[in-house]
Every structure is written in structure tokens, then in C-alpha cells.
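Thanks for coming. I will walk through one protein today, so please keep the sequence and the model open while I talk.

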Amino acid sequence: MKKLFAPLICALLCAVVLCTPALAAGEAPSVVINGEPMEVSDAPAKLVQGRTMIPFRSVFLALGFADEDIHWNSATRTISATKGTVMVSFTIDQKQVTVLRDGDAVTTPTDVAPYLDPETNRTYIPARYVAEALDCRVGWDAQRRTVIIDDVNALLANNQETYELMEQYQLWTQRFQSQSWQTQGSFTVDQNKGELVMACDNFTMYATGTGSELEGTIRLSGSGAAGLPSAIDAVVRGDSQTGAYYFHSKSLMEEGAEVGAATVWYQMEYGSDSQTPGESVYGDLLEWADPEQTDGTYEDLIRSKLEALPLDNAEMTCADLLALYNRLAGDSGFERREEGYVNSFSQGGRTYSLVLKGSREGINGYTMRASYPDPDGVQVSVESSLSQTEMKLSLQRSNPYTGKSLTMEAEGTLKVTDRPALTAPPNSAVIVSLDRLAEFSR
């Protein structure tokens, strides 16, 4: 649904990244498997030739292999583990790993050989190769000196959460993709409590697929409007898929007509991929269910996020991310209230709430609320909602140190239209980057 709000506001940030102290440089590496520390007992992980070596039995037990299915062949000095139709085997001092899957054997060379540790009498194998042999994801947290192994298939197979509500939300959003929509409404932007007020009593916005177009006349008032026209016409066109948006105002351009600015359209970049996984969870909840992002079930969308997560933080593994999304998107995280199905979340001075309107048989709208401090210490509160026929947006930003503030209110009614949204300027337009605006105002 981002395309309906993109001309008005950028996407929200909303998650907390936990930090823990780094280990000492000489300390033995640790291993986290599916979000849980591997039991080391008397056989901790070790660094050998720059590679992390882990005890065979410990890691395979952690990956769900049964103890009785782990075998040592003293004659061939081979250790193997079997689960279902898969068998993985290593031979001491041989730089290779063999995987027998459904009767087909594949042997892969390794750059370090497994060995029998004389101190513990345990067989050590290279962590990366055993993970890759089992189609697991593997990463390295340099700060914590921790190997991360995640079996995404096993995590999802063992996941008991359901996503009926978000599946229904996903079905509801498809109606916005299959047709063009017209929104008529109004908005007001108030900077520093009346210093500069921009009000539009009647804007028209068209949305088609990922494209959107907004037109309206904006009235300016307040001391900050000195030297500007009392009213300016405005046109914004763009596409959320490319992130490119264009702004044009005939009345403003006429002010600089002497430098040929009458046909100028200013280009703005509104990126959708500037956030790292785990830092935009609530935004993802709405974007994932938008068919413009991807096809498939909600579980398919979750899989895509787990498979894309950078494994460089032992505090945010695939298991941790799955648990977070289950908390925020799973059916068990929603509570039925008068306004709809509500999922609320608070942590570290940040509060969020997602409300899905309708029933489990059919979602017909949502409301998202968030309150948080941004990196500069500015307090942000936002609420956006969308139904079958109406949209609303409220945004407040306040700086407790400088006293500066920004308030934005917008609302409108929606209906299906045959007119598609125009996403690019006319062919005769002169495209100028927004950062060159000052060149035409001197």
C-alpha cells in the first residue's frame, strides 16, 4: 500500500538491535545453531588454519540428528550421521565431505581436513562445510567470534505459527493492484506551530499498480511563506518500484522563467530498500503482503526474508528473525478488540500497533500506529489507515531540544477509476535533481 502514501511520507523504521560485548581476541569461537548456543561440554569449537572446527557429534545433535544415527568406523576412520534419506560423512585427514541424498552421493573438497583431537578424543570437522552440505545457511559474527548456522527448512518445518489474518490482508490488497484508484482529499503541513503552513483543500491522487500521481493547489501562510506565492499548484508523479518521483509547479516555475525553468520537473529519490533486515519490521509487514513485492503465501514471504538475512550478528539469526515476525505477524500475536485484530509491541521507548479490520474470513482495512525517537533524538508519532473507501494519515515530529516541530494531517476518499496514474513528466520536460533547486532561486 506504500504507493498510496509515498507522495506524502517516507516509510517507517521500527526495531531494536540488541548489543552484547565482544569476546576477547584470543578466546575460542562459539557456535549458534538455529538461534541456540551449541552445547560444548568438554569439546569447545577451535580455530585451525583460520577455520572454525566443531565437534561432529555436538553439531549433528543440534541439527536434529539422533544420537543412535551417528556412527564412527574405526577401520576407515570415518564418522557419519544419518537422518531420513540423507547421510553425511567425513574421513579423518581427508579434505572432503560426502553427502548421500536419496541414493546419490556427492563428494565436495574442503580446504581443511577433519581431525581427531588428542585432548578430547573427539572428531572435529569444518563448520562451514557441514552447514553447506546440509543446505544450511552459515555466517560469522566477527565481533562475538561466533559461527552462525541456520537450517531455514527445519525452522519453517517446525514453525507452529499460523498467518490467517495476514493471508487475508494479502488477499485484500490485491484489489488495489488489479485496478486504478482515484483518491480525493485534503492535507495540511504545519512547520513549527504556524511558522509555515501548507494547506491543500482538494488534492486528487491516482494510483495504478506501483505508480502514483498527485495534483492539487497548496496555500501558503505564516512568516516562513514570506516572498513565496500565496498559493502554488503542485504535481507529483512517481513509481514506488523504481523509487523515482518528480515534482512540478507552474506557478513556482514562472518565478524563474527568465532562466528557462518553466518546463522544469524536479526529481526526488524515494528508496524502498534502504533498510537492513530486522530494522523495518512493521513496514515489512505491510509491504510483504503487497503483491507488488512478491507472489506466494505469507509463509513464502517469510522464507524469502530468512534466506536474505545477513548472518553477521549472533543476536539476530534466522531463528530470532522468525520469532520476531511470528510475534508481529502471527495469528497468536493478535488480540480481538472492538476496532479489529490488534497487535501491539513496545521496546526501548518505541511503541507500535497494527490493527487489521474485518474478520478472519475477510480483512477490509488496517491502521498502523508508531511512536519512536529517530537517530537525531526527534520524537516521531505516526498513524496511517486504509479502508475500502477511505485513507487517513497523521504525522508529528518534535525536537525536545530545539522546540522545532512538524505536523502533517491528510485524509481522502477512494474509488475505482479508468484513468491510469502518470508516473513520469511530459516528454518536453527538463528533469533536474532536487538538490539543484537553489540554482533556480537565486
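Start with a cluster of rings: Phe56, Phe60, Phe65 and Phe90 are linked by ring pairs. Bear in mind that this is a predicted model. In total there are 9 aromatic pairs in the structure. One of them joins phenylalanine 56 to phenylalanine 60, with ring centres 4.2 Å apart and planes at 25°. Planes under 30 degrees apart count as stacked, so this pair is stacked.

Where do phenylalanine 56 and phenylalanine 60 sit in the chain? Both belong to helix H2, which covers residues 56-62, and because they are 4 residues apart there, about one helical turn separates them. Are they buried or exposed? Phenylalanine 56 has a relative accessible area of 1%, so it is buried. Phenylalanine 60 is at 0% and is buried too.

Now a second pair, phenylalanine 187 with phenylalanine 203. Here the ring centres are 5.8 Å apart and the planes are at 45°, so the pair is tilted. This pair connects distant parts of the chain: phenylalanine 187 is in strand S14, residues 180-191, and phenylalanine 203 is in strand S15, residues 196-208, with 16 residues from one to the other. Phenylalanine 187 has a relative accessible area of 9% and is buried. For phenylalanine 203 the value is 0%, again buried.

Staying in strand S14, look at threonine 183. Its relative accessible area is 2%, so threonine 183 is buried. What does threonine 183 contact, leaving aside its neighbours within four places in sequence? The contacts are Phe203, Thr204, Met205, Met391, Gly412, Thr413 and Leu414. Phe203 in that list is the ring partner of phenylalanine 187 that I just described.

Next, charges over rings. The charged end of lysine 46 is placed over the ring of tyrosine 124, 5.5 Å from the ring centre. There is also arginine 336, which lies over the face of tyrosine 341 at 4.5 Å from the centre of the ring.

Lysine 46 also takes us to a sheet. Its bridge partner is methionine 53, in S4. S3 pairs with strand S4, residues 51-55, in the antiparallel sense, over 3 bridges. What is the strand order of the sheet they belong to? The order is S3-S4-S11-S10, an open sheet of 4 strands with antiparallel pairing. Its edges are strand S3, 46-48, and strand S10, 115-117, each of which pairs on one side only. On average, neighbouring strands in this sheet are turned by 45° against each other, direction ignored.

Another open sheet has 5 strands, in the order S5-S6-S7-S8-S9, and its pairing is antiparallel as well. Strand S5, 70-73, and strand S9, 104-109, are the edges, and each pairs on one side only. In this sheet the average turn between neighbouring strands is 20°, direction ignored. Inside the sheet, strand S7, residues 86-91, and strand S8, residues 96-101, run antiparallel and are joined by 5 bridges. Valine 86 has arginine 101 in S8 as its bridge partner.

Further along the chain are two hairpins. How many residues lie between S22 and S23 in their hairpin? There are 2. Strand S22 covers residues 350-359 and strand S23 covers residues 362-373; they run antiparallel, with 9 bridges between them. Valine 355 has its bridge partner in S23, namely threonine 367.

S23 then pairs with strand S24, residues 379-387, over 9 bridges in the antiparallel sense. Tyrosine 372 has valine 380, in S24, as its bridge partner. S23 and S24 form a hairpin with 5 residues between them, and glycine 377 in that turn has a positive phi of about 90°.

Let me finish with the whole protein. There are 9 helices and 27 strands. Of its 442 residues, 48% count as buried. Among contacts between residues at least 6 apart in sequence, 53% join residues at least 24 apart. The exposed area is about 21,300 Å², and carbon and sulfur atoms supply 49% of that.

Conventions
Residues numbered from 1 in each chain as written. Predicted model: local features only at pLDDT ≥ 70, side-chain atom pairs only at ≥ 80, totals over all residues. Heavy atoms only, no water. Phe/Tyr/Trp six-rings, centres within 6.5 Å; stacked < 30°, edge-to-face > 60°. Buried < 20%, exposed > 50% of the residue type's maximum accessible area, 1.4 Å probe, protein only. Lys NZ or Arg CZ within 6 Å of the ring centre and 35° of its normal. Pairing = 2+ DSSP bridges. Axes fitted to C-alpha atoms, helices over the stretch in contact; angles between N-to-C directions. Contact = heavy atoms within 4.5 Å. Areas by Shrake-Rupley, 256 points an atom, 1.4 Å probe, with all protein chains shown as cover.
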